[in-house]
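Colleague: Got a minute to go through this chain with me? I'd like to get a feel for the fold before heading back to the bench.

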Amino acid sequence: GEIGRLDKATYGTRQGARRFYDHTVNVLHHIGFTQCKNEPCLFRFLQDDEAAFLLLYVDDALIAGPKSIVKIIEQKLMIYFDSKFNLPKDFLGLDVHHDISKGTIKLSMSTFTNKMKETFKITDSPSILTPGRTDRKIIRGQDIELDETYRSKVGSLMWATMGVRYDIVYAVKELSRVLQEPTKIAHEILGRTLTYVTQTPT
């Protein structure tokens with residue numbers, strides 16, 4: 001076989017996303033954005049004492065601010081990128097619902113939850129009111145039951161907690177303590193938490 005050297009990053013390669021991110025950050029700095037030190041994916045644009053914000057994730061971005069400032073940002077970005085600007089319908093697993101007449105935005109994770117239910121084959125069961133159990137405690141090393149799907153299931157729940165599912169944070173924290181060696185009780189609580197989430201889509 002032959003080995004070739006890429007002069008430019010290619011989408012889908014191991015370093016492609018990182019290279020694109022670095023390039024995008026340089027462009028944002030060049031057109032007047034300031035990067036947040038504590039949250040590197042958040043950028044601020046100031047114009048005539050008005051501010052707009054841009055949230056970047058690889059090649060997806062959200063822009064929020066006064067219409068006049070957002071329009072300026074869009075024009076600047078189109079110089080460097082082949083971009084399309086629309087009201088977002090979804091972003092990183094979040095469903096975004098707009099009500100322009102009321103001036104409101106509602107976030108939910110219904111699509112992500114339904115996909116999770118299908119992926120992990122979660123069946124309908126009697127209604128569950130809480131994600132965890134106070135009468136069962138996860139103890140490391142007790143009744144270990146290894147399962148290749150445990151990590152991916154907990155990972156999906158972790159992603160949900162970073163969206164709008166703050167009601168399962170404690171249960172997910174406890175489940176995360178035994179990622180390497182999940183226990184029998186952990187599997188029980190995991191099943192309960194998954195069922196609770198799919199029964200209560202937000």
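Colleague: How many helices and strands does the chain have?

Modeller: Quick caveat: this is a predicted model, where local features need pLDDT of at least 70, side-chain atom pairs count only at pLDDT 80 or more, and totals for chains, interfaces and linings use all residues. Residues are numbered from 1 along each chain as its sequence is written, and side-chain values use heavy atoms, with hydrogens and water left out. Helices (H or I, at least four residues) and strands (E, at least two) are DSSP runs, numbered from the N terminus. Counted that way, the chain has six helices and seven strands.

Colleague: Why is the chain called more spread out than a compact globule?

Modeller: The yardstick is the radius of gyration over C-alpha atoms, set against a globule rule of 2.2 Å times the number of residues to the power 0.38. For 202 residues that rule gives 17 Å, and the chain is well over it, so it is more spread out, with a radius of gyration of 22 Å.

Colleague: What share of the 202 residues is buried?

Modeller: Buried means under 20% relative accessible area, exposed over 50%, and partly exposed in between (1.4 Å probe, protein chains only). By that cut-off, the buried share of the chain is 30%.

Colleague: How many disulfides does the structure hold?

Modeller: A disulfide needs a pair of cysteine sulfur atoms within 2.5 Å. The sulfur of C41 is 9.9 Å from the closest cysteine sulfur, in C36, which is too far for a bond. C36 is partly exposed at 28%, and C41 is partly exposed at 24%. The disulfide count is zero.
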